[in-house]
Amino acid sequence: MEATRGDSTELQTDRPHPARVYDYWLGGKDNFAADREQGDRMLKINPFISDSVRANRAFLRRVVGRLVQETGIRQFLDIGSGLPTQDNVHLVAQRIAPETRVVYVDNDPIVLAHGRALLQGASQGRTEVVQGDLRDPDGILGDPQVRGALDFDRPMAVLINAVLHFVGDDEDPAGIVARYRDAVVPGSHMLIAHASWDLHPPESVEAAKREMQNVPFTTRFRSHEEILALFEGLELLDPGLVQICGWHPDGPIPVEHRTTNLFGGLGRVP
Ligand SMILES: C[S@@+](CC[C@H](N)C(=O)[O-])C[C@H]1O[C@@H](n2cnc3c(N)ncnc32)[C@H](O)[C@@H]1O
């Protein structure tokens with residue numbers, strides 16, 4: 001990408017950022033040399049990462065599609081949404097129900113810059129992009145743009161997809177999830193997907209752990225049991241917390257998607 005876009009000091013283009021490394025793995029163009037170098041180092045250790053992130057996007061599409069079709073949800077708060085990529089949440093949801101409102105939240109300013117371009121499209125007024133931090137529920141839940149776009153008296157879906165593994169134990173991930181859960185009305189849903197060593201190719205776990213100690217952001221992969229605990233206070237829906245490729249697959253699971261190291265599940269607010 002061109003280094004002239006946005007404020008390079010704010011974007012900190014000289015160091016890798018999760019949104020841009022993820023974009024690189026997805027084959028996007030919104031990344032810088034530091035992101036590509038970090039992405040390549042991780043790919044050398046675990047060559048399946050790109051397939052894993054593609055499996056994650058497919059999982060997200062399936063969850064959003066089912067929520068709109070089967071539960072009547074028409075509002076989404078997607079936190080740690082990442083850079084706009086193919087078949088974003090608003091595209092999937094609004095294709096089925098054009099009136100659906102979607103708010104994307106991310107802490108990377110580059111996502112906000114892209115969001116502005118996104119908002120110039122036909123979905124203006126129904127799709128918002130807000131800069132915010134998952135670890136600051138009060139900030140996100142009290143944000144005027146968020147409150148203006150979403151009706152907190154009606155059910156919504158809160159998507160926390162592949163982002164809680166950037167939250168350390170000392171930052172109270174369960175408490176953070178609970179704040180969002182308690183802010184929405186019964187009948188709302190919460191999606192959590194989370195990276196886990198339990199699913200990582202065993203031969204590269206140690207090398208990946210060593211590499212992740214050097215990245216300039218927190219990474220804390222969790223066990224199935226630890227991720228399950230994040231669903232406390234929610235009714236975990238069928239098929240439970242599973243490797244994401246196995247969550248209501250559309251058909252035969254692509255072999256390469258079976259390499260994903262993410263567990264995911266959908267909970268309903270009782
Ligand atoms: C691995 S990507 C996942 C993107 C998308 N949710 C998906 O599943 O395809 C993680 C995203 O979370 C964002 N992120 C990381 N920490 C965050 C935080 N504390 N608050 C908000 N966003 C965060 C990153 O900038 C990145 O865009």
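This tour moves from the ligand to the nonpolar core, then along one strand and its partners, and ends at a single helix residue; the model is predicted.

**The ligand and its shell**

Begin by selecting the ligand and the residues around it, of which there are 21, the closest being Ala19, Gly80, Gly82, Leu134 and Asn161. Colouring this shell by residue class will show ten nonpolar, six polar and five charged residues. Among the secondary-structure elements to highlight here are α2 (18–25) and α4 (49–71), each of which supplies at least two residues of the shell.

**The largest nonpolar core**

Next, select Leu77, Ile79, Val158, Leu159, Ile160, Leu191 and Ile192, which touch the most other members of the largest nonpolar core, a set of 66 residues. Keep α4 displayed as well, since this helix gives the most to the core, with ten residues. In soluble globular proteins, nonpolar side chains tend to be buried together. To follow one member outwards, centre the view on Leu77 and, leaving aside neighbours within four places in sequence, show its contacts, which are Val103, Val105, Val146, Leu150, Met156, Val158 and Leu159.

**Strand β5 and its partners**

Now move to strand β5 (residues 189–195), where seven of the seven residues are buried, so the strand is largely enclosed by the rest of the structure. In a regular strand the side chains alternate between the two faces of the sheet. In β5, the buried residues are His189, Leu191, Ala193 and Ala195 on one side, with Met190, Ile192 and His194 on the other, and both faces are covered.

Adding strand β4 (residues 157–161) to the selection brings in a parallel pairing with β5 over five bridges, in which Ala157 has His189 as its bridge partner. Trace the chain from β4 through helix α9 (residues 173–183) to β5, and you follow a β-α-β crossover that is right-handed. Strand β8 (residues 262–268) can then be added, as it runs antiparallel to β5 and is joined to it by seven bridges; here Leu191 is paired with Leu266.

**Ala149, a last stop**

Finally, select Ala149, which lies in helix α8 (residues 144–149). Is this residue buried, exposed or partly exposed? Ala149 is partly exposed, because 19 other C-beta atoms lie within 10 Å, whereas a buried residue would need 20 or more. With neighbours within four places in sequence left aside, the contacts of Ala149 are Arg101, Val103 and Glu128. For a view across the model, draw a distance between the C-alpha atoms of Ala149 and Cys245, which are 96 residues apart along the chain and separated by 31 Å.

Conventions: Residues numbered from 1 in each chain as written. Predicted model: local features only at pLDDT ≥ 70, side-chain atom pairs only at ≥ 80, totals over all residues. Near = placed C-beta within 6 Å. Helix = DSSP H or I, 4+ residues; strand = E, 2+ residues; numbered from the N terminus. Nonpolar A, V, L, I, M, F, W, Y, C, P; charged D, E, K, R; others polar. Core = buried A, V, L, I, M, F, W, Y, C linked by C-beta atoms within 7 Å. Buried ≥ 20, exposed ≤ 12 C-beta atoms within 10 Å, placed from the backbone. Contact = placed C-beta atoms within 7 Å. Pairing = 2+ DSSP bridges. Right-handed = clockwise from strand over helix to strand, strands pointing away.
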